[in-house]
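Got your viewer open and a cursor ready? Let's take a walk through this structure, one selection at a time.

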Protein chains: 2
Amino acid sequence: MSANPPDGDNVAFLLSQLGHCSATVFADLIASLDLTPAHAGILRAIAAEPGRSQQALAEQLGLQPSRLVAFVDELEDRGYVERRRNPDDRRLHALHLTPAGRRITNRIGELARRHDRMMTAGLDARERQTLRELLTKVAEHQGLTPSVHPGYRTLGRRRAKPAG
Amino acid sequence: MSANPPDGDNVAFLLSQLGHCSATVFADLIASLDLTPAHAGILRAIAAEPGRSQQALAEQLGLQPSRLVAFVDELEDRGYVERRRNPDDRRLHALHLTPAGRRITNRIGELARRHDRMMTAGLDARERQTLRELLTKVAEHQGLTPSVHPGYRTLGRRRAKPAG
DNA sequence: TATTGTTATACTCTATAACTATA
DNA sequence: TATAGTTATAGAGTATAACAATA
């Protein structure tokens, strides 16, 4: 019968706190490009594997196809993405980056590296490396897909915000 | 000029991914008590320092007083919280837990410990301890308030969801 | 006049499902 | 009939500010 540990400082709660903090810092950074984190993730996913259909991309990211439409509309209006009809099956729209889309994706990559430096500013090189290894281990154990943010997923009906 | 690191696996992105995952797991756990993470955090804050006004609690958590009203209404309807008017200044409502509120808060604490075990299931005792120290260091450097989830804060106009 | 708590309004986001065009 | 993509509708969540009671 040990005394209860002082609640709010366990690993799970710290992860939730820091995750929110990290997401907010990134959102602020890419707001300077007039983009949201969702746009950034979609651009990155298209860059990683161009030519896929919206359906395939929506499934990888775990979001509703109808939601993806609006994002792609915005990115197309800005000249970052183009839809190319597949002549063999005219229902499919293959997604590709334009030259401007590749430029903005590079800038997002720079901001991602800046973001990483900001979030690890309190650590030395060895600590940073240790943290990265431990987080990677936990992420694998939780079954997270590398490079895909779970925030796209719907997850059912409940919300996931404060305190946890 | 080194090659760009393979983007999505830096510490900042991992924190954002795992933070979302951790928050979702916790939300699922306390949904079994018919509560949301926000309710849990408010109950915990009242338990930690009973008798404060709604205004004071809202400021600590960083949420709008008008939002807190609805949460406290729900917790009062469930019989977990009571508002006590201060006779010296009848504008103030001191917040207290009822006996049922203390019981449910204890159960939340048990779920929080279960949550922590779930999120650290892939690590041995030493790794878990190292991770906790590193996360605490980062959280302090980012200026996070211990035991207070930043999700309550408004933060301005932008959203903070996927990718980052 | 200022402050606590409350209510009301408008706005944003999202989920759902209906629709079209192609197959 | 089934599928890719799109549009429309309704619901939930939130921010803002107006309001009543008390000081």
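**Stop one: the axis**

Start by selecting Gly19(A): of the residues of chain A, Gly19(A) comes closest to the rotation axis, with its C-alpha at 1.9 Å. What you have on screen is a predicted model, where local features need pLDDT of at least 70 and side-chain atom pairs count only at pLDDT 80 or more, while totals for chains, interfaces and linings use all residues. Residues are numbered from 1 along each chain as its sequence is written, chains are lettered from A and ligands numbered from 1 in the order in which they are written, and side-chain values use heavy atoms, leaving out hydrogens and water.

Now colour the two chains. Turn chain A by 180°, with 0.0 Å of shift along the axis, and it superposes on chain B with an RMSD of 0.0 Å (a least-squares fit on the C-alpha atoms of residues with pLDDT of at least 70 in both copies). The two copies are thus related as by a two-fold rotation axis.

**Stop two: where the chains meet**

Next, show the residues at the interface. Here 69 residues of chain A are in contact with 68 residues of chain B (contact means heavy atoms within 4.5 Å). The copies meet through the same surface, because 99% of the interface residues of chain A are also interface residues in chain B.

Zoom in on Lys137(B) and Glu127(A). Their side chains meet in a salt bridge, 2.8 Å from N to O (the rule asks for a side-chain nitrogen of Lys or Arg within 4 Å of a carboxyl oxygen of Asp or Glu). Across this interface the rule finds two salt bridges.

Which parts of chain A should you highlight on the side that touches chain B? Pick helix 1 (11-31), helix 2 (37-48), helix 5 (99-119) and helix 6 (125-141), since each supplies at least two residues there (helices are DSSP runs of H or I, at least four residues, and strands are runs of E, at least two, numbered from the N terminus). Helix 1 of chain A gives the most, with 18 residues.

**Stop three: a histidine in chain B**

Finally, select His96(B), which lies in strand 2 (residues 93-97) of chain B. Is it buried or exposed? His96(B) counts as buried, because its relative accessibility is 18% (buried is under 20%, exposed over 50%, partly exposed in between, with a 1.4 Å probe and protein chains only). Leaving aside neighbours within four places in sequence, His96(B) is in contact with several residues, among them Ile46(B), Pro50(B) and Tyr80(B).
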